[in-house]
Amino acid sequence: MLASRIARYVADPATGSFEELSLDAFAFQFERIEPYRRLCEKHQSVPDAVEQWRDVPLVPALAFKSLDLSAGPAQEIFRSSGTSGSPRSVHGHGFPDLYRATIDASFGSACLATVSRPRMLSLIPARSQAPDSSLSFMIDHVLGNHAAPDSQTAFGNRGLDAAKARSFLAARQRDGQPTLILTTAFALASLLDALERLDLRFRLPAGSTVFETGGYKGRTREVSRKELLARLFERLAVPASAVVREYGMTELTSQVYTRT
């Protein structure tokens, strides 16, 4: 099956050819996604005519707001958070195991360089709170497969659970164990705001990492990158070099990671 071949390649690129798999995936989607097929035919870019992956027609993300672009029966339905009242993108995902494979292949090398199964503090809604969030799907998998058993989620029905987060951070300061904080930029700014209101500072152990994804979605004043990193170092003693930024989209089955 194509998804299995792609999963093997994601885990070990020596098992296949990116070019070949890309063209096979294109043919698979061309056959099964009628709106995409119309787009390709309009541009005269059909499987028999496309010879390299760079020539595969791209779909604008906005298409997911109005079209069903599922390549098969959806096992998961992911929806974007939406901004400014705009329609939400919908991704009927037929291959969640492939999504998990891409997470396993990239998350570890980007975020687990110092500790293989660290204690993690998630400031991202759990799947029970956001069942249609692709980010919550990802973090649920990370916590279940890459985190120490006593990891915590500090996100309640009203948003960030600052008291729970403070308790976790204090414990890590005492035990000297490196930790990994999983957060959106919005949640991280909210945590730092809460610590500043109480004038609290923690010194997280060396080797601690912050995984930060996503923006502010118009929910608060936007904090500049420079300011956010400065406040993070002041309140948690985490340097900019230990912040991993991740970019993902509801419409994709992959992520991009980078260090500051």
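# Exercises on helix packing and salt bridges

D199, R201, E234 and R235 are joined in a network of salt bridges. This network belongs to a predicted model, and the exercises below examine further features of that model.

**Exercise 1. Determine how helices α1 and α4 are oriented relative to each other, and which kinds of residue form their contact.**

Solution. Two packed helices are described by the angle between their axes and the distance between the axes.

Step 1. Helix α1 covers residues 2-11 and helix α4 covers residues 96-111. Their axes lie 9 Å apart and enclose an angle of about 5 degrees.

Step 2. Angles under 35 degrees count as roughly parallel. Helices α1 and α4 are therefore roughly parallel to each other.

Step 3. On the α1 side, the contact is made by A3, I6, A7 and V10, and these meet L98, A101, T102 and A105 of α4. Sorted by type, the residues of this contact are seven nonpolar, one polar and no charged.

**Exercise 2. Compare the span of helix α2 with the expected value, and identify its buried residues.**

Solution.

Step 1. Helix α2 runs over residues 18-32, which gives 15 residues. From the first C-alpha to the last it reaches 21 Å, close to the 21 Å expected at 1.5 Å a residue.

Step 2. The buried residues of α2 are L21, S22, A25, F26 and F30. Among the elements that cover them are α1 and α3, the latter comprising residues 34-42.

**Exercise 3. For the salt bridges R100 with D97, R231 with D193, and R225 with E212, state where each partner lies and how accessible it is.**

Solution. Side chains of opposite charge can pair when their charged atoms come close. The structure holds 18 salt bridges, and three of them are treated here in turn.

Step 1. In the pair R100 and D97, the closest N and O atoms are 2.7 Å apart. Both residues lie in helix α4, three residues apart, about one turn of the helix. R100 is partly exposed, at 25% relative accessible area, whereas D97 is exposed, at 58%.

Step 2. In the pair R231 and D193, the closest N and O atoms are 2.5 Å apart. R231 belongs to helix α8 (residues 225-236) and D193 to helix α7 (residues 185-197), so this salt bridge ties together parts that are 38 residues apart in sequence. R231 counts as buried, with a relative accessibility of 7%, while D193 is partly exposed, with a relative accessible area of 28%.

Step 3. R225 and E212 meet through their side chains at 2.3 Å, N to O. This pair links distant parts of the chain, since R225 is in helix α8 and E212 in strand β8 (residues 209-213), 13 residues apart. R225 is partly exposed, at 22% relative accessible area, and E212 is buried, at 2%.

**Exercise 4. Describe the backbone and surroundings of Q44 and A237, deciding for each whether the residue is buried or exposed.**

Solution.

Step 1. Q44 has a positive phi of about 55 degrees, although it is not a glycine. Q44 is located in the loop between α3 and β1, the strand of residues 76-79. With a relative accessible area of 68%, Q44 is exposed.

Step 2. A237, also a residue other than glycine, has a positive phi near 65 degrees. The loop that holds A237 runs between α8 and β9, where β9 covers residues 243-248. Buried means under 20% relative accessible area, and A237, at 14%, therefore counts as buried.

Methods. Residues numbered from 1 in each chain as written. Predicted model: local features only at pLDDT ≥ 70, side-chain atom pairs only at ≥ 80, totals over all residues. Heavy atoms only, no water. Axes fitted to C-alpha atoms, helices over the stretch in contact; angles between N-to-C directions. Helix = DSSP H or I, 4+ residues; strand = E, 2+ residues; numbered from the N terminus. Parallel < 35°, antiparallel > 145°, perpendicular 65-115°, else oblique. Contact = heavy atoms within 4.5 Å. Nonpolar A, V, L, I, M, F, W, Y, C, P; charged D, E, K, R; others polar. Expected span 1.5 Å × (residues − 1). Buried < 20%, exposed > 50% of the residue type's maximum accessible area, 1.4 Å probe, protein only. Salt bridge = Lys/Arg side-chain N within 4 Å of Asp/Glu carboxyl O.
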